[in-house]
2 protein chains.
Amino acid sequence: MRRGGIPDIVIRRLPIYERTLKQMLSAGVTSISSEELGERIGVTAAQIRRDLSYFGKFGKQGKGYDVARLAEEIAHILKLDRQWDVALAGFGHLGQAIAHYRGFEPNAFRIAAIFARNPEHIGQQVNGTVVLDEAELTPVIREMGIKIGIVAVPAAAAQDVADRMIAGGVRAILNYAPVILKVPESVWVREIDPVSALQSLTYYLDNGDPSHDGRAAPVGESLATEAAGH
Amino acid sequence: MRRGGIPDIVIRRLPIYERTLKQMLSAGVTSISSEELGERIGVTAAQIRRDLSYFGKFGKQGKGYDVARLAEEIAHILKLDRQWDVALAGFGHLGQAIAHYRGFEPNAFRIAAIFARNPEHIGQQVNGTVVLDEAELTPVIREMGIKIGIVAVPAAAAQDVADRMIAGGVRAILNYAPVILKVPESVWVREIDPVSALQSLTYYLDNGDPSHDGRAAPVGESLATEAAGH
DNA sequence: CCATGTGAATTCTTTCACAGCG
DNA sequence: CGCTGTGAAAGAATTCACATGG
């Protein structure tokens, strides 16, 4: 989780910085200090400065950062200044929601191929992308040169689908299945795991409904560990 | 991110331990060492032992852990030995996918209330749960005593919905909107953020399609930071 | 005078390594 | 004899605090 260089935890914060900067830019803000940006995100100013310092010097002393410039710099670091084709496997409720989600295109990603097992789904179109037979997954991914896969199939099929994506050349996987994927060292995986997230949240909740509320409140989390307010 | 006690990062690993143990149990495994469990999950044996040591002594020297017993202990720690009612706000593609997802019920959660803004959605049913008008959100949550909310509305509406959930008594939020929610200290938030996840993955990918493939491969991540194989 | 960038200090997390128990 | 549970060590990440430059 380190490659040769920058800590992965830093890399995982950059998209939030970029998103926030873009939001501020469209709100008309042109300049910002690490203090203000940190407050907006729920992170310390020192952390932002330290994170950015891995990549260069983007600020002006006494002034702060130019919002547009910093957003672009981060986008460049993350290679978001191009569009990435993504392959989606799975076209159940979840897969369809992902296929229809309009938040990818404006953020450097395009669902360029969709694969389903159910014959009724094959041939359907979403935003001009035809749903293909999952049997075609490996060759289509290879021919299209796709490097990013989204696994949105049932748990039992997830490892197989991931293996076949990797065989086609995929190097990065976003995994929605509640399964730990075994992948080669050259492949990166990120998990989307709402059930685990809920299951860790219940730890902090009171069990009973006895009293109405309030007793010492747990302190919330921050982007440092996952992301929240406070 | 610490309350008075156990590191949140430890709490966030427990659901994976519990899930894996349950899987092994249904595969007929009754006893397991930290070594084997760690290998299965992609985590060191020492980390598992250390994590568990925050809560007690669950193993037998020379023998390992009783799979059923350990799964139950962890479920108890996380308060998963009861069912939690959850309120879902948002009934677009994403909200509908969440509402239909069959992975919550067997894992201690029940979507007990669904709220939509679109009048065409109000009155629909999913698994016996009627979709209600989002305007009713606060009172219904309060009357039902719901403590967990899922935010699956567009970014622009997310903060308002979260505020109204909290007003109704929600103390834990699973947020699918690409927005940093501002919440009181007594409320915990976990983010589900596929776009950020993808945007951090591209950092590790080659930019061009020049050569066919391979050069030094980045090392993958592990549960320690997010979850994966290797 | 303000806010960056960064050594140094601190705090948190993981790993080592082994005494001790079944 | 094997594997847990845990002090102690090592390693990472965060925060402090300030010299420096605009």
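These are my notebook entries on a predicted model with protein chains and DNA strands.

**Entry 1: chain A overall**

I started with chain A and looked up its elements: there are eight helices and ten strands. Of its 230 residues, 47% count as buried. I then turned to contacts in chain A with a separation of 6 or more, and 54% of these come from residues 24 or more positions apart.

UniProt, in an unreviewed entry, lists residues 79–180 of chain A under "domain: CoA-binding". I checked that span in the model: it is 28% helix and 28% strand, and its end C-alpha atoms lie 27 Å apart.

**Entry 2: DNA strand C**

Which residues are closest to DNA strand C? I found A:Lys57, A:Gly59, A:Gly62, B:Gln61 and B:Gly62, out of 27 residues that surround the strand. Elements giving two or more residues to this surface are α2 (34–41), α3 and β3 (64–66) of chain A, along with α3 of chain B. The largest share is that of α3(A), with six residues. By residue class, I noted nine nonpolar, eleven polar and seven charged.

**Entry 3: DNA strand D**

Next I looked up the other strand in my list, DNA strand D, which is surrounded by 27 residues. The closest here are A:Pro7, A:Gln61, B:Lys57, B:Gly59 and B:Gly62. Two or more residues each come from α3 (45–53) of chain A and from α2 (34–41), α3 and β3 (64–66) of chain B.

Which element gives the most to the surface near DNA strand D? My lookup says α3(B), with six residues. The class split for this surface is nine nonpolar, eleven polar and seven charged.

**Entry 4: a sheet in chain B**

I moved on to the strands of chain B. Three of them form an open sheet in the order β1-β3-β2, with antiparallel pairing. Why do β1 (31–32) and β2 each have a side without a neighbour in the sheet? Both stand at the edges with a single partner strand, so one side of each is left free of a sheet neighbour.

For the pairing itself, I found that β1(B) and β3(B) are joined over two bridges in the antiparallel sense. B:Ser31 is placed opposite B:Asp66 of β3(B). I also looked at what crosses these strands: helix α4 of chain B, residues 67–77, lies across β1 and β3. The helix runs at about 75° to β3(B).

**Entry 5: two loop residues in chain B**

I picked B:Phe58 first, and found it in the loop between α3 (45–53) and β2 (59–60) of chain B. Is B:Phe58 buried or partly exposed? It counts as partly exposed, because its C-beta neighbours inside 10 Å number 15, and burial would need 20 or more. Beyond neighbours within four places in sequence, its contacts are B:Leu52, B:Tyr65, B:Arg69, B:Leu70 and B:Glu73. For B:Glu73, I noted a C-alpha separation of 8.2 Å from B:Phe58, at 15 residues along the chain.

My second pick was B:Val43, in the loop between α2 and α3 of chain B. This residue counts as buried, because it has 22 C-beta neighbours inside 10 Å. I also looked up its distance to B:Arg13: the two are 30 residues apart in sequence, with 10.0 Å between their C-alpha atoms.

Conventions
Residues are numbered from 1 along each chain as its sequence is written. Chains are lettered from A and ligands numbered from 1 in the order in which they are written. This is a predicted model: local features need pLDDT of at least 70, side-chain atom pairs count only at pLDDT 80 or more; totals for chains, interfaces and linings use all residues. Helices (H or I, at least four residues) and strands (E, at least two) are DSSP runs, numbered from the N terminus. A residue is buried if 20 or more other C-beta atoms lie within 10 Å of its own, exposed if 12 or fewer, and partly exposed in between; C-beta atoms are placed from the backbone. Two residues are in contact if their C-beta atoms, placed from the backbone, lie within 7 Å. UniProt positions are given in the numbering used here, feature names are shortened, and annotations may be inferred rather than shown by experiment. A residue is near a molecule or strand if its C-beta atom, placed from the backbone, lies within 6 Å of it. Ala, Val, Leu, Ile, Met, Phe, Trp, Tyr, Cys and Pro count as nonpolar, Asp, Glu, Lys and Arg as charged, and the others, Gly among them, as polar. Two strands pair if DSSP finds at least two bridges between them. Axes are lines fitted to C-alpha atoms, for helices over the stretch in contact, and angles run from 0 to 180 degrees between N-to-C directions.
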